[in-house]
Amino acid sequence: MNEDRGITSINLELENLAKTLGILELASSKSGKLNKVLVTFTYLLTEIKAIKEYVDTIALPTLNFYGEGVKKLDEGDHEVQMGRIMSNLHELFECITYSNSLVINIIHQLNALYNKKFPKNFDLYPKLFKNVRLHSVFNGLGGLLSTFNLIDGIVKDNENLSSHWEYYKRLMQFA
């Protein structure tokens, strides 16, 4: 019917041509030692990005809005609310513990790389990294540390969270 009027139908099929790149494809160079360093930092930065995404989308809103909109609670409701958020607090604790190990790992990697007195990598520093500034590593580290600061500030400023935690601790002493 469309052909009578000079109109031709075109059917398009789109394929997803995007290739998922792994860490090894993202960080590749001709130097084997440089590849090891790049792969290590790329992995650490990908982990930091995943942690920041979790904290920004799940943990911070949960902490930030805890206890909001509740004017007066009956006896025992403080403990019930704290019990409901306990699984989220546990996940956040695990996330912070893992983040702490990432920060320590990054600091150790940077120390091994830039410390001229480190005998194992003494030849690596002047050849490859003497004039290199790893801005993305420092930005990732700074972003993670600022996330720690943000979590700390939210917990400190949320009066409901601290008062409900005291009620919950008292309940657990009796149980």
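What share of the contacts in the protein with a separation of 6 or more is accounted for by residues 24 or more positions apart? In this predicted model, such residues account for 72% of those contacts, and the sections below follow where parts of the chain that are far apart in sequence are brought together.

**Overall make-up**

The protein has six helices and zero strands, and from the N terminus on its elements therefore read α-α-α-α-α-α, helices being counted as DSSP runs. Of its 175 residues, 26% count as buried. The accessible surface of the protein comes to about 13,000 Å², and carbon and sulfur atoms hold 56% of that surface.

**The nonpolar core**

In soluble globular proteins, nonpolar side chains tend to be buried together. Here the largest nonpolar core has 28 residues, and those with the most contacts inside it are Phe 41, Val 55 and Ile 106. Helices α2, α3, α5 and α6 each supply at least two residues of this core, with the largest share, 10 residues, coming from α2.

Phe 41 offers a more detailed view of the packing: when residues up to four places away in sequence are not counted, Phe 41 touches Gln 109, Leu 110, Leu 113, Leu 134 and Val 137. One of these partners, Leu 113, is placed in helix α3. Is Leu 113 buried or exposed? Leu 113 is buried, because its relative accessible area of 4% falls under the 20% limit. The C-alpha atoms of Leu 113 and Val 37 are 8.6 Å apart in space, although the two residues are 76 residues apart in sequence.

**Two positions in α5**

Helix α5 also holds Phe 138 and Gly 142. Phe 138 is partly exposed, because its relative accessible area is 44%, a value in between the limits of 20% and 50%. Gly 142, at 36% relative accessibility, counts as partly exposed as well. Each of these positions can be paired with a residue from another part of the chain: Phe 138 with Leu 110, at a separation of 28 residues in sequence and 9.7 Å in space, C-alpha to C-alpha, and Gly 142 with Val 103, at 39 residues along the chain and 9.7 Å between C-alpha atoms.

The pairs described so far can be set side by side.

| Pair | Separation in sequence | C-alpha to C-alpha distance |
|---|---|---|
| Leu 113 and Val 37 | 76 residues | 8.6 Å |
| Phe 138 and Leu 110 | 28 residues | 9.7 Å |
| Gly 142 and Val 103 | 39 residues | 9.7 Å |

**The enclosed cavity**

A search of the whole structure finds one cavity of 30 Å³ or more, and the volume of the largest cavity is about 50 Å³. Its lining consists of Tyr 54, Ile 58, Ala 59, Thr 62, Leu 63, Ile 85, Asn 88, Leu 89 and Leu 92. Both α2, spanning residues 32-64, and α3, spanning residues 77-114, supply at least two residues of this lining, and α2 gives the most, with five residues. By class, the lining of the largest cavity has seven nonpolar and two polar residues, with no charged residue among them.

**The open pocket**

The largest pocket holds about 270 Å³ of space. Which residues of its lining lie nearest the centre of the largest pocket? Of the 13 lining residues, these are Leu 63, Leu 89, Val 155, Leu 161 and Trp 165. Leu 63 and Leu 89 also appear in the lining of the largest cavity, so that the two voids have these lining residues in common, given that a lining residue has an atom within 4 Å of a grid point.

The pocket lining draws at least two residues from each of α3, α5 (135-157) and α6 (159-174). The largest share, seven residues, comes from α3, whereas in the lining of the largest cavity it is α2 that gives the most. In terms of class, the residues lining the largest pocket divide into 11 nonpolar and two polar, and none is charged; the lining of the largest cavity likewise has no charged residues.

How values were computed:
Residues numbered from 1 in each chain as written. Predicted model: local features only at pLDDT ≥ 70, side-chain atom pairs only at ≥ 80, totals over all residues. Heavy atoms only, no water. 1 Å grid on protein atoms, 1.4 Å probe; cavity = no way out; pocket = protein on both sides within 12 Å on 5 of 7 lines; lining within 4 Å. Points joined across faces, edges and corners; volume = space filled by probe spheres on them. Helix = DSSP H or I, 4+ residues; strand = E, 2+ residues; numbered from the N terminus. Nonpolar A, V, L, I, M, F, W, Y, C, P; charged D, E, K, R; others polar. Buried < 20%, exposed > 50% of the residue type's maximum accessible area, 1.4 Å probe, protein only. Contact = heavy atoms within 4.5 Å. Areas by Shrake-Rupley, 256 points an atom, 1.4 Å probe, with all protein chains shown as cover. Core = buried A, V, L, I, M, F, W, Y, C linked by side-chain atoms within 4.5 Å.
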